[in-house]
Amino acid sequence: MSIVDKYLRRINRLRISITDLCNLRCIYCRPESGLDLSKHKDILTYEEIVTVVRHAVKLGIKSFRLTGGEPLFRKNIEYLLQMLGNVQGIEDLAMTTNGIYLKNYAKMLKEIGLFRLNISLDSLDEAKFEEITRGGKLRDVLDGIEEVLHLGFKNTKINVVAMKGINDDEFGEFARLTLERDLEVRFIEYMAMNKENLASGDKYIPMADIIDIIERNNELISLPPPMLGSGAAKTYKIRGAMGKLGFVSAVSQPFCNSCNRLRLTSDGKLRSCLLSGGEIDLKTILRNNPTEQQLTDAFLRAANLKPSVHSGKGHVVMHQVGG
Ligand code: SAM
């Protein structure tokens with residue numbers, strides 16, 4: 001079976017936020033004062049997450065990404081990964097992490113069978129990194145990235161949220177990380193969360209401007225879109241580089257018509273879109289001894305809530321939904 005929504009998009013990916021807790025407080029994601037976080041009992045258990053994944057596979061969803069909050073901040077994550085490793089039919093299992101704990105976890109992640117990692121990194125300058133993350137240590141992330149490359153993970157991506165006046169002076173340096181490393185550095189358009197318009201505020205830079213800045217000192221070659229995957233990023237290469245550059249333009253050029261994913265929030269909502277559309281309370285269904293048909297219906301209803309195009313408004317709680 002497979003899920004096709006009313007705009008004929010085939011849904012084959014699920015992004016799972018396994019916790020709303022994080023060890024960092026990045027300026028674009030969380031307020032300094034902290035947040036009202038869910039109580040432990042309201043967060044899906046690992047067993048519940050695995051039930052959802054098993055069912056999703058039956059519905060043709062074969063590609064999964066764990067995110068958060070910070071996924072490596074949730075206790076005993078190896079237990080979840082072991083269980084996921086036993087689910088037949090998963091074709092891709094990835095994780096988005098801030099990389100702070102990666103040096104210690106990378107070996108376990110490799111051994112347990114995680115396919116791919118996206119690592120968030122918004123500055124290569126120690127002091128600026130500490131400012132953006134409100135206390136993170138750049139060295140931890142850099143060591144984590146080197147460890148991941150050393151262990152031979154493929155298709156590793158570095159996620160850079162592009163912010164005017166904050167890290168736009170570093171775009172070239174970020175791009176040149178790909179010269180001798182098998183990495184994709186992905187520039188993500190900053191979204192003004194909790195605002196009427198995602199492009200509002202003084203930090204937003206559209207993709208075209210990010211590319212212009214990089215092209216001042218580097219020759220970029222445009223790459224064809226991947227045969228498989230969500231097509232969320234436009235990809236380029238610096239001539240002669242080992243790695244790639246990706247640009248995610250959710251604000252200036254939404255890629256909703258090729259969006260093939262649903263999202264599971266840490267508190268068990270099956271969301272149709274990061275930014276708009278509706279959600280299904282899957283946790284309540286899961287905790288009431290559901291039949292297979294009830295789980296299928298929940299997925300079908302969530303898929304049908306997917307809007308044709310997102311609203312362009314940032315009324316979303318990123319730490320729960322997971323970026
Ligand atoms: N803690 C993990 C991490 O740092 O990668 C996973 C969760 S974090 C919410 C996932 C991604 O969300 C980050 O890579 C960041 O790029 C993205 N994100 C969060 N807030 C954003 C914003 N306001 N604009 C653009 N991207 C954002």
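**View 1. Arg30 in the loop between strand 3 and helix 1 of the predicted model**. Arg30 is placed in the loop that runs between strand 3 and helix 1, and this arginine is buried although no salt bridge is formed by it. The nearest side chain of opposite charge belongs to Asp20, at a distance of 6.3 Å, and because a salt bridge requires a side-chain nitrogen of Lys or Arg within 4 Å of a carboxyl oxygen of Asp or Glu, the pair is not counted as one. The side chain of Arg30 nevertheless reaches the backbone oxygen of Asp20, at 2.5 Å.

**View 2. A nonpolar surface patch that includes Leu21**. Leu21, Leu37 and Phe73 together make a nonpolar patch of about 230 Å² on the surface. Leu21 is found in the loop between strand 3 (13-17) and helix 1 (46-58), and it counts as partly exposed because its relative accessibility is 36%.

**View 3. The surroundings of the ligand**. Around the ligand there are 19 residues, of which Tyr28, Gly69, Glu70, Ser120 and Met191 come nearest. Strand 5 (92-97), strand 7 (156-162) and strand 8 (183-189) each supply at least two residues of this shell.

**View 4. Polar contacts between the ligand and Gly69, Glu70 and Thr97**. A nitrogen atom of the ligand lies 2.9 Å from a backbone N or O atom of Gly69, and a nitrogen atom of the ligand is 3.0 Å from an N or O atom in the side chain of Glu70. An oxygen atom of the ligand is 3.4 Å from a polar backbone atom of Thr97. Of the 550 Å² of accessible area that the ligand has on its own, the protein covers 95%.

Note on methods:
Residues are numbered from 1 along each chain as its sequence is written. This is a predicted model: local features need pLDDT of at least 70, side-chain atom pairs count only at pLDDT 80 or more; totals for chains, interfaces and linings use all residues. Side-chain values use heavy atoms; hydrogens and water are left out. Patches are made of residues with over 30% relative accessible area and no salt bridge: like charges are joined within 9 Å, nonpolar side chains (Val, Leu, Ile, Met, Phe, Trp, Tyr) within 5 Å. Accessible areas come from the Shrake-Rupley method with a 1.4 Å probe; for residues, only the protein chains shown count as cover. Helices (H or I, at least four residues) and strands (E, at least two) are DSSP runs, numbered from the N terminus. Buried means under 20% relative accessible area, exposed over 50%, partly exposed in between (1.4 Å probe, protein chains only). Lys and Arg count as positive and Asp and Glu as negative; His and the chain ends are not counted. A polar contact is a pair of N or O atoms within 3.5 Å; within protein, one must be able to donate a hydrogen and the other to accept it, and residues adjacent in sequence count only if both atoms are side-chain atoms. A residue is near a molecule or strand if one of its heavy atoms lies within 4 Å of it.
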